[in-house]
Amino acid sequence: MINDKTNTSTNGSRVNLLTMMRLGLFQMGLSMMSILTLGVLNRVMIQELAIPATIVAAVLAIPLFVSPARIWFGQRSDSKRLFGYHRTGYVWVGTAVLAVTAFIAVQLMWQLGSAVQAAGGWSWSPRSGVWLGLLSLVFAIYGLAISASSTTFTALLVDISEEDNRSKLVGVVWSMLMVGVIIGAVLSGVLLGQLTIDSSIETLQEAVNRLFIIVPAIVFGLSLFATVGIENQYSKYASRSSVADREDGITLARAWKILTASPQTMRFFTFLVVMTISLFMIDPVMEPYGGQIFKMSVSDSTKLNAFVGIGTLISLTVTGFLVVPRFGKRNTARLGCCLVALSVGLICLAGFTANPQFLQASLFLFGIANGVVTTGTITLMMDLTAIETAGTFVGAWGLGQATARGIAIVTGGAVLDVGKGLFTHSVLAYALVFVFQALGMVFAIWALNRVSVTEFRATASVAIASVLESELD
């Protein structure tokens, strides 16, 4: 039997706004790293190093394709402590590895670029193959680090929150994520500010290397400050269940049985995957879009993320505190899907005008839509998380979202290359990506309509308990 009693912390404290903002510093750091990889590296590799978009997207998506490890890390944090903590130790180790591998990846990128330059353009050769393979390996380790830190961090949020304050917690923490997007974009723009669209590779290399030393160090420091002492003070589950304490208790196979115990989890899983693919197809093409169609420098195209970040920041705060409590989580997620479809249509239209201000305004609206759909989805996800096995569930949701985001990045790059082959007009090639995004959001709404939180609550606990008892007797 599951015997995980709900305990408030030793001092009976409840997470307050200041603590929520402190926790948000971790998400802020992760988003800063995301800006570095997707906002800088994809632009440099596609435009400055002339590596095909499909290959670049595939490499940058590798961290997301190792996301099955999220289930393992989530289950591991349920059952085994690291440095005396169920969650915090995994966050610290994961962030440290993240910082180191990010810098190593950049050095391998320059070697791959050198191989391309020596060959007079992209071609498959032993030299390019070796550097591409090493770069892929490092990005896989980078992805494992993200899985370890982000999955256990989200499980920590489940541990310390109550149903009545989760939308506020999500609003604050994910707002800080968008603060990180803004800071990352601005900081990248400042540190890369001396670059122009015609800067030499040597000048570019020096500036990017400096960026990948400073920002990862900041990110690691933020993760420490954000989480020190939180688990001991606020976690309601300081004493894990007797089932969770068994190191061999819940294997990956058993975790999958837990996740499929309720059909509602699989329906939500479908929505999560489709919505995420449709939302993030823009990631590998936004900076190249700014560079090729709007003639922006590396610094200026990276700053486009700030417009998305500002819109998302405003939206997350308003949605978490006002929209979700009034309209409900599912209706909020549905509204977000509609707004995403509208905003990508405007981003597409901006390309035909070649007006940078139009593009910036459209990306701001995209940020608004992103905040709405993110808040609705995450709060709904927490409602569909069984507290008995929170790490396992959060790992599964992270797996679905990360894998879908990886598919989105590869698909976005591949569709762009297909579009370039089909159309002589560059804007039409990018438009093809945006059309796919809008259609995907329509399908996501259909999938969301089939999800019932009420049914999940009525059936999940009994089904999960049955699985655990049958597997562990």
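Reader: What volume does the second largest pocket have?
Author: This is a predicted model, in which local features need pLDDT of at least 70 and side-chain atom pairs count only at pLDDT 80 or more, while totals for chains, interfaces and linings use all residues. Residues are numbered from 1 along each chain as its sequence is written, and side-chain values use heavy atoms, leaving out hydrogens and water. A pocket is an open set of points on a 1 Å grid over the protein atoms alone where a 1.4 Å probe fits, with protein on both sides within 12 Å along at least five of seven lines. Filling the second largest pocket with probe spheres set on its points gives a volume of about 160 Å³.

Reader: Which helix gives the most to the lining of the second largest pocket?
Author: Lining residues have an atom within 4 Å of a point of the pocket, and here they include Glu-48, Trp-110, Gln-117, Ile-201 and Gln-205. Two helices (DSSP runs of H or I, at least four residues, numbered from the N terminus) each supply at least two lining residues: α7 (201–227) and α4 (88–118). The one that gives the most, with 6 residues, is α4.

Reader: Glu-48 is in that lining, so which residue does Glu-48 form a salt bridge with?
Author: A salt bridge needs a side-chain nitrogen of Lys or Arg within 4 Å of a carboxyl oxygen of Asp or Glu. Glu-48 is partly exposed at 22% relative accessibility, because that falls between buried (under 20% relative accessible area, with a 1.4 Å probe and protein chains only) and exposed (over 50%). Its partner is buried, with a relative accessible area of 0%. With the closest N and O atoms 3.3 Å apart, that partner is Arg-43.

Reader: How many residues apart in sequence are the parts tied together by Arg-405 and Asp-283?
Author: Arg-405 and Asp-283 form a salt bridge, with the closest N and O atoms 3.0 Å apart. Arg-405 lies in helix α17 (residues 390–422), and Asp-283 in the loop between α11 (263–280) and α12 (286–292), so the number of residues apart is 122.

Reader: Which helix gives the most to the largest nonpolar core?
Author: A nonpolar core is a set of buried Ala, Val, Leu, Ile, Met, Phe, Trp, Tyr and Cys residues joined through side-chain atoms within 4.5 Å. The largest has 117 residues, and Leu-23, Met-45 and Phe-434 are among those with the most contacts inside it. With 15 residues, the helix that gives the most to this core is α1.
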